[in-house]
Amino acid sequence: MKKPILGLKLLMELTKQYYTISEVAVIFQVNPSKIRYWETQFPHLSPKRAASGIRKYTPVDIEKIKVLVSLIQERGMTIEGAKQALNFQGKEKNPHQNIINQLTDIRDFLQGMKADLDLE
């Protein structure tokens, strides 16, 4: 496992409304080219741009990058693995899944008991 990102302390003290790609790269100790690449791979990461084309990252954008850094750099996931993890996190779980699991367990238990009684 890689060492934790030192710039995360700075992440807690975000005071500006917008940050440049260089500032974001320093926070996460990555090259700006890596952040630009992630923008092509993860559509939810799309910072605003100034009229001159300069990227302007908001604290929300920086939080998204924090998740990517956690998945890719710290956990060692591939880009595809991070995409799948993000898609899985976004899907809503069935609110009744716990009940369904319990009922399935009860059914399996009862079927096992019935099979045992049929053998006697």
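Two helices count as roughly perpendicular when the angle between them is 65 to 115 degrees. Keep that range in your pocket, because this tour uses it twice. One more thing before you start clicking: what you have open is a predicted model.

**Stop 1: the whole chain**

Show everything as a cartoon. The protein chain has six helices and two strands. Trace the chain along its sequence and you'll pass them in the pattern α-α-α-β-β-α-α-α. Now switch on the surface. The chain exposes about 8800 Å², and carbon and sulfur atoms supply 58% of that. Of the 120 residues, 26% count as buried. Contacts across the chain are worth a thought too: among those between residues at least 6 apart in sequence, 51% join residues at least 24 apart.

**Stop 2: where α2 meets α3**

Select α2 (21–28) and α3 (residues 32–41). At what angle do α2 and α3 pack? The angle is about 105°, and the axes are 9 Å apart. Since 105° falls within 65 to 115 degrees, α2 and α3 are roughly perpendicular to each other.

Next, show side chains. From α2, pick Ile-21, Val-24 and Ala-25; they meet Pro-32, Ile-35 and Arg-36 of α3. Sorted by class, this contact has five nonpolar residues, no polar ones and one charged one.

Before leaving, click on Gln-29, in the loop between these two helices. Most residues other than glycine have a negative phi. Gln-29 goes the other way: its phi is positive, about 55°, although it is not a glycine. Is Gln-29 buried or exposed? Neither fully: with a relative accessible area of 38%, Gln-29 is partly exposed.

**Stop 3: where α3 meets α4**

Keep α3 on screen and add helix α4 (residues 59–74). The axes of α3 and α4 come within 12 Å and cross at roughly 100°. That again makes the pair roughly perpendicular.

Which residues meet here? On the α3 side, select Lys-34, Ile-35 and Trp-38; on the α4 side, select Ile-65, Leu-68, Val-69, Ile-72 and Gln-73. This contact has six nonpolar residues, one polar and one charged. You've seen Ile-35 before: it also takes part in the contact between α2 and α3.

Now color α4 by burial. Its buried residues are Asp-61, Ile-62, Ile-65, Leu-68, Val-69, Leu-71, Ile-72 and Gln-73. Beyond the helix, find Gly-76, which follows α4 and has a positive phi, near 75°.

Go back to the other side of α4 and click on Thr-58, in the loop between β2 and α4. With a relative accessible area of 17%, Thr-58 is buried. Leaving aside residues up to four places away in sequence, Thr-58 touches Gln-17 and Tyr-18.

**Stop 4: the salt bridges**

How many salt bridges does the structure hold? There are six, and you'll visit some of them here.

Start with Arg-55 and Glu-39, whose closest N and O atoms are 2.8 Å apart. This pair links distant parts of the chain: Arg-55 sits in strand β2 (residues 55–56) and Glu-39 in helix α3, 16 residues apart. Arg-55 counts as buried, at 18% relative accessibility, and Glu-39 is buried too, at 13%.

Move on to helix α5 (residues 79–90), where Glu-80 and Lys-83 lie three residues apart, about one turn of the helix. Their side chains meet in a salt bridge, 3.4 Å from N to O. Glu-80 is partly exposed, with a relative accessible area of 47%, and Lys-83 is partly exposed at 22%. Why can neighbors like these meet? An α-helix has 3.6 residues a turn, so residues three or four places apart point the same way.

Helix α6 (residues 97–119) offers a pair with the other spacing: Asp-118 and Lys-114 are four residues apart, separated by about one helical turn. Their closest N and O atoms are 3.5 Å apart in a salt bridge. Are these two buried or exposed? Both are exposed.

For your last selection, take Glu-39, Arg-49 and Arg-55 together: salt bridges that share partners join them into one network.

Terms used. Residues numbered from 1 in each chain as written. Predicted model: local features only at pLDDT ≥ 70, side-chain atom pairs only at ≥ 80, totals over all residues. Heavy atoms only, no water. Salt bridge = Lys/Arg side-chain N within 4 Å of Asp/Glu carboxyl O. Buried < 20%, exposed > 50% of the residue type's maximum accessible area, 1.4 Å probe, protein only. Axes fitted to C-alpha atoms, helices over the stretch in contact; angles between N-to-C directions. Parallel < 35°, antiparallel > 145°, perpendicular 65-115°, else oblique. Contact = heavy atoms within 4.5 Å. Nonpolar A, V, L, I, M, F, W, Y, C, P; charged D, E, K, R; others polar. Areas by Shrake-Rupley, 256 points an atom, 1.4 Å probe, with all protein chains shown as cover.
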